[in-house]
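Hi,

Here is the structure I said I would pass on. Have a look at it first, and then read on for what turned up.

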Amino acid sequence: MVASSIRMIDIAVNFTDAMFKGIYNGKQYHVADIRAVLSRAWGAGVDRIVITGGSLHESREALSIAETDGRLFCTVGVHPTRCKEFEDSGDPEHYFQQLVSLAKEGIEKGKVVAIGECGLDYDRLQFCPPEIQKKYFEKQFDLAESVKLPMFLHMRGAAKDFCEILAQNKDRFIAGVAHSFTGSAEDCDRLLEFENLYIGVNGCSLKTAENLGVVQNIPIERMMIETDSPYCEIRKTHAGNKFVNSLWPSTKKEKYDDGCTVKGRNEPCNVRQVLEVVAGCKSITDIDRLSQALYINTCRVFFPHDLDSAADYALSDVQEIQ
């Protein structure tokens with residue numbers, strides 16, 4: 001049974017992914033099941049979910065999904081591996097202006113809370129060369145600055161260039177989170193030098209003992225949690241798995257049951273597992289207070305006008321549990 005005082009916000013869910021439509025590697029295995037996935041999330045103590053936009057098309061779909069539930073929100077932006085879409089569109093400026101219009105529409109509807117997913121990904125250069133990635137990463141600072149929203153950031157194998165671009169544009173965005181962080185301790189320290197930047201942790205951040213050591217040293221007041229589902233689950237082989245306490249019945253996609261999670265497909269209810277691993281590797285016994293601190297971090301960046309009495313949670317309280 002989930003303690004009622006635990007409140008979590010999953011800042012990264014890819015609900016536009018075909019797996020949530022029941023499609024795996026192009027083959028239909030079961031019906032679209034976002035409703036069942038959401039039911040498990042709310043039951044696990046998830047308070048809100050931010051749906052990730054990775055392109056103009058995906059951002060439109062993310063906004064459409066976000067409008068189906070008051071607890072769903074989304075981002076608008078272009079993932080680094082998709083940045084060729086600007087130029088492949090035949091009119092990069094028109095593509096950009098469509099992003100601006102969509103962001104403004106979503107803001108008016110109270111649904112768009114960040115610009116992104118944008119950044120640099122040098123681990124998958126087969127999708128987009130670095131020069132195009134850098135060009136349109138910088139372009140999305142124009143978008144964040146024009147609509148005055150925080151940034152939802154992606155960094156893979158590109159810490160040097162990423163931090164240089166961030167430094168050049170640090171006064172152009174109000175805040176941000178480097179989500180799905182898997183970098184080194186040195187990478188982490190470089191990111192923490194940006195006072196308005198937070199670090200998002202998920203299952204991919206918790207694979208190895210080295211990963212856990214990095215997470216252990218991220219200050220709680222600079223951290224957020226996420227699943228990045230349907231990816232980045234915490235697997236039994238991961239170093240962080242020893243701290244996981246919350247499990248849900250699961251079944252293979254071939255034997256789909258809407259009362260179970262699908263094996264190999266991550267989903268938002270598992271953000272509670274991320275919370276448990278963070279608590280475990282930091283030797284924190286009061287998981288309720290930890291969830292409260294991370295919840296407030298997230299609200300400060302993405303929901304600044306919606307902070308309730310929990311915002312009175314003082315920094316001294318955070319320091320007590322570290």
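To get going: is H154 buried or exposed? Keep in mind that this is a predicted model. H154 has a relative accessible area of 4%, and buried means under 20%, so H154 is buried.

Now for where H154 sits. You'll find H154 in strand β7, which covers residues 151-156. Setting aside anything within four places in sequence, H154 is in contact with H79, P80, E117, C118, G119, L120, D121, R124, F162 and H179.

The last name in that list comes up again in the UniProt record. The entry, which is unreviewed, puts the feature "binding site" at H154 and H179. These two are spread over 26 residues of sequence, yet they cluster in space, with a largest C-alpha distance of 5.9 Å. Both H154 and H179 also belong to the lining of the largest pocket.

E117, one of the contacts of H154, is worth a look for its backbone. E117 is in strand β6, and the peptide bond leading from G116 to E117 is cis, with omega near 20°. There is another cis bond from S229 to P230, where omega is near 15°. P230 is in the loop that runs between β10 (223-225) and β11 (250-251).

While you are in that loop, look at C232, which is also placed between β10 and β11. C232 isn't a glycine, but its phi is positive, at about 60°. K148 is a similar story: its phi is near 55°, again a positive value in a residue other than glycine. K148 is in the loop between α5 and β7.

So which of the two, C232 or K148, is buried and which is exposed? C232 has 14% relative accessibility and so counts as buried. K148, at 61%, counts as exposed, because the exposed class starts over 50%.

Next, the helices. F162, another contact of H154, is in helix α6 (residues 159-168), where A159, D161, F162, C163, I165 and L166 are buried. What covers these buried residues of α6? The cover includes β6 (112-121), α5 (130-147), β7, α7 and β9 (197-201).

Helix α7, which spans residues 185-192, holds D187. D187 is buried yet has no salt bridge. The nearest side chain of opposite charge belongs to R190, and that is 4.6 Å away. Not counting residues up to four places away in sequence, D187 touches M155, A159 and F181. A159 is one of the buried residues of α6.

Last, the nonpolar interior. How many residues does the largest nonpolar core have? It has 84, and the residues with the most contacts inside it are F15 and I49. Leaving out residues up to four places away in sequence, F15 touches F20, I34, V37, L38, I49, I51, I65, L72 and P268. Apart from that core lies another, of 18 residues, with I11, A12, Y295 and V301 among them.

If you'd like a place to start, I'd go to H154 and H179, where UniProt places the "binding site" feature, and then step from H154 to its contacts E117 and F162.

Cheers

How values were computed:
Residues are numbered from 1 along each chain as its sequence is written. This is a predicted model: local features need pLDDT of at least 70, side-chain atom pairs count only at pLDDT 80 or more; totals for chains, interfaces and linings use all residues. Side-chain values use heavy atoms; hydrogens and water are left out. A nonpolar core is a set of buried Ala, Val, Leu, Ile, Met, Phe, Trp, Tyr and Cys residues joined through side-chain atoms within 4.5 Å. Buried means under 20% relative accessible area, exposed over 50%, partly exposed in between (1.4 Å probe, protein chains only). Contact means heavy atoms within 4.5 Å. Helices (H or I, at least four residues) and strands (E, at least two) are DSSP runs, numbered from the N terminus. Lys and Arg count as positive and Asp and Glu as negative; His and the chain ends are not counted. A salt bridge is a side-chain nitrogen of Lys or Arg within 4 Å of a carboxyl oxygen of Asp or Glu. UniProt positions are given in the numbering used here, feature names are shortened, and annotations may be inferred rather than shown by experiment. On a 1 Å grid over the protein atoms alone, a cavity is a set of points where a 1.4 Å probe fits but cannot get out, and a pocket is an open set with protein on both sides within 12 Å along at least five of seven lines; lining residues have an atom within 4 Å of a point.
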